[in-house]
Structure formats: structure tokens, C-alpha cells
Amino acid sequence: MAMGITRLIALSEPKISAFRFALSKLNATALVFSRPISNNFTNQHTGEDAKTEYQEFEKWCNGGGLFHKSACIDPSARIEIGALVHSESVVGANVYVGSGSVVGPAVTIGQSTRTGYNVVLSNCTIGDFCVIHHGVCIGQDGFGFFVDEQGLMVKKSQCLKARIGNCVEIGANTCIDRGSWRDTVVGDHTKIDNLVQIGHNVEIGKNCMLCGQVGVAGSVTIGDYVILGGRVSIRDHVCVTSKVRLAANSCVTKNICEAGDYGGFPAVPIHEWRKQVASVRQTSKEFWHNKKKKFA
């Protein structure tokens, strides 16, 4: 008996429309893909596992969010619809968890703390009377890698926590990484603006103020009553003593051991920085003045 030869088609990014086109135009009887449509199939739970896991969550009476049966939630807390509180978490009295927010396993939130929409809390503890604005992420892995003997980039273990003190306010879309060799700490009454990045192992003291787009690299230690202007950056493993003020766009490259005002790149005492700026400006004026006289 004669047998027909099956035609094979290889598609790298298959779509339903491509299937129909290939089958109708090329009269193919089989399709072969160069890679799977999705790599999530092997990680999906079976129907029974998914059903059992879902049954561990219940709807919270105040707000309509979901919570795990093992979570400890004060009856006065409000968990908005779309929010999710995972296992073994502790949510204190009068806490507000906004829609779309996720409270990860074993996270603790102190009393009267409020979170905005789409906040993600993991591997962390949050103090009392805090305000956490929309899109904040706290407790994710820090940015730590090293090159091994084979020349490969390998991730360092990030297994500790982030600890946020009492009466702290954290602006929208700010990220605070958890620690690797010590906990990341934000002290009481510290205020953090929008779009701030705080790396792993950072310790920030009490009553500090970090303005927008500040970047604090890993393992930095900041004292009390420190003010960082907009877009200030601090390199890793640097110590900044208490009662330091840094002008906007400054970059700290070494320890600051005396209280006072600093600015520039690298950051120096503010009067030195002003002299540098004035000197550069004067030099520039003289240069252009001499150039004009030369061609006059």
C-alpha cells in the first residue's frame, strides 16, 4: 500500500493565526515547533493541588480581599478586594491593605499602617503608623553577584529581611531590598520620597529624609537626621554620620565622618564645592572672553 509523505513545518513563534494559514495554504498535516509555546506547563499544579491550595484562602469580611487561613489578622484591619495576605503573616489593628497589594508569607505589619495599591511586601517587618504608597516593593532579593571559577555570573545568597521602623513613610515605586549578611533597616520617623532605591544590607537611622530618585548602594550605613537631596547617590560600603545634608545630584564616594552640608561629585564640604563651581565658572568666562578677543 502506498503511503503519503507527511509535510513538516517548523515555527519559532507559533500563533493561532499562523496555524490556520499554514494548514490551509500548505496543506500540512503536522506542525513541529522549534521551542515550546510556554515553559510553564511543567511547573503548573495538578488540578487537585491547585484546588487544595485555593481552598486555604478565604475572603476577608472587611474589604473583600483574600487571606490564608494561617494568617493572623486583627478584626479591625481592612483588606481591599484584589489584595492577598499569605500564610503566617501578621496584620495589626486598623491596618489598611490597598487593592492589588500582596503581603507575602510571614510578613508582619504593625498597627495603623496603610498601604496603597499594588504594594508588594515580602521577607520584611513593617512598624506601626507607617504609610506605604502605591507600587512600593519591600523585601525582594538584593543585587548581589560574583564571578565563579568557571567565569560564570553567580547569584549571592539573599536570605535575610528588611525591617521598617515606626512612623515611616515610603513614596510610590520605591524599592527596598532585603539583606544578605545583615538586615536592611529603615529607622523610625524616616521619610522616603518616590522612586528611591535602597540596596541590600543598608542601615538608615531615625528621622532621615531621602528625596526623589536617591540611590543607596548595598551595605551603606546612614546615621540619624540625614537629609539626601534629589538624585543623590551613595556608593556601597560607605558610612555617613548623623546630621549630614547632601545637596541634590551629589555623589558620596567615601565615608563622611563629620556633620555638616556637602555637595558635588565626589561630595565635599559645601563651601569647597561652591568654590569649585565658582572657579569653573570663572575659568569658563575667561576662556570665552580670550577667545572672542583673539578673533575680534
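Which residues does Leu 210 touch, not counting residues up to four places away in sequence? Select Leu 210 and look around: you should find Lys 191, Ile 192, Asp 193, Val 196, Ile 198, Ile 204, Val 216 and Leu 228. Keep in mind during the tour that this is a predicted model.

**Stop 1: the core around Leu 210**

Leu 210 is a good place to begin, as it is among the residues with the most contacts inside the largest nonpolar core. Add Ile 138, Ile 222 and Leu 228 to your selection, and you have the others named for the most contacts there. This core has 51 residues. Now colour β14 (124-126), β19 (162-164) and β32 (244-246), the elements that give two or more residues to this core. Here's a handy rule of thumb: in soluble globular proteins, nonpolar side chains tend to be buried together.

**Stop 2: zoom out**

Switch to a cartoon view of the whole chain. There are three helices and 35 strands in it. The chain has 296 residues, and 35% of them count as buried. Turn on the surface next: its accessible area comes to about 17,700 Å², with 56% belonging to carbon and sulfur atoms. As for contacts with a separation of 6 or more, residues 24 or more positions apart account for 12% of them.

**Stop 3: a nonpolar patch outside**

Keep the surface on and select Phe 143, Phe 145, Val 147 and Met 153. Together they form a nonpolar patch on the surface, with about 480 Å² of accessible area. Zoom in on Val 147, which sits in strand β17 (residues 145-147). Is Val 147 buried or exposed? Val 147 counts as exposed because its relative accessible area is 52%, and the cut-off for exposed is over 50%.

**Stop 4: His 200**

Hide the surface and go to His 200, in the loop between β24 (197-198) and β25 (203-204). Being in a loop, is His 200 buried or exposed? His 200 has 11% relative accessibility, so it counts as buried; the limit for buried is under 20%. Show side chains, and you'll see the one of His 200 making a polar contact with the side chain of Gln 158, at 2.8 Å. Leaving aside neighbours within four places in sequence, His 200 is also in contact with several other residues, including Phe 143, Asp 177, Arg 178, Thr 184 and Ser 219. You met Phe 143 in the surface patch, and Arg 178 is coming up next.

**Stop 5: salt bridges**

Side chains of opposite charge can pair when their charged atoms come close. This structure holds seven salt bridges, so pick out a few of them.

- Select Arg 178 and Asp 141: their closest N and O atoms are 3.0 Å apart. The pair links distant parts of the chain, 37 residues apart, with Arg 178 in the loop between β21 (175-177) and β22 and Asp 141 in the loop between β16 (137-140) and β17. Arg 178 is buried at 14% relative accessible area, whereas Asp 141 is partly exposed at 34%. Add Lys 155 to see a network of salt bridges linking Asp 141, Lys 155 and Arg 178.
- Select Asp 261 and Arg 245: here the closest N and O atoms are 2.8 Å apart. Asp 261 belongs to strand β34 (residues 260-263) and Arg 245 to strand β32, 16 residues apart. Asp 261 is partly exposed at 30%, and Arg 245 is partly exposed at 47%.
- Select Arg 78 and Glu 80: their side chains meet at 2.8 Å, N to O. Arg 78 is partly exposed, at 34%, while Glu 80 counts as buried, at 13%.

**Stop 6: two more loops**

Look for Ile 81 in the loop between β6 (78-79) and β7 (84-85). Ile 81 is exposed, with a relative accessible area of 56%. Not counting residues up to four places away in sequence, Ile 81 touches Gly 63, Gly 64, Gly 65, Ser 99 and Gly 100.

Finish at Asp 188, in the loop between β22 (184-186) and β23 (191-192). What does the side chain of Asp 188 reach at 2.8 Å? Look for the backbone nitrogen of Asn 166. Asp 188 counts as partly exposed, at 24% relative accessibility. To end, draw a distance from Asp 188 to Gly 205: they are 17 residues apart in sequence and 7.4 Å apart in space, C-alpha to C-alpha.

Methods:
Residues are numbered from 1 along each chain as its sequence is written. This is a predicted model: local features need pLDDT of at least 70, side-chain atom pairs count only at pLDDT 80 or more; totals for chains, interfaces and linings use all residues. Side-chain values use heavy atoms; hydrogens and water are left out. Patches are made of residues with over 30% relative accessible area and no salt bridge: like charges are joined within 9 Å, nonpolar side chains (Val, Leu, Ile, Met, Phe, Trp, Tyr) within 5 Å. Accessible areas come from the Shrake-Rupley method with a 1.4 Å probe; for residues, only the protein chains shown count as cover. A salt bridge is a side-chain nitrogen of Lys or Arg within 4 Å of a carboxyl oxygen of Asp or Glu. Helices (H or I, at least four residues) and strands (E, at least two) are DSSP runs, numbered from the N terminus. Buried means under 20% relative accessible area, exposed over 50%, partly exposed in between (1.4 Å probe, protein chains only). A nonpolar core is a set of buried Ala, Val, Leu, Ile, Met, Phe, Trp, Tyr and Cys residues joined through side-chain atoms within 4.5 Å. Contact means heavy atoms within 4.5 Å. A polar contact is a pair of N or O atoms within 3.5 Å; within protein, one must be able to donate a hydrogen and the other to accept it, and residues adjacent in sequence count only if both atoms are side-chain atoms.
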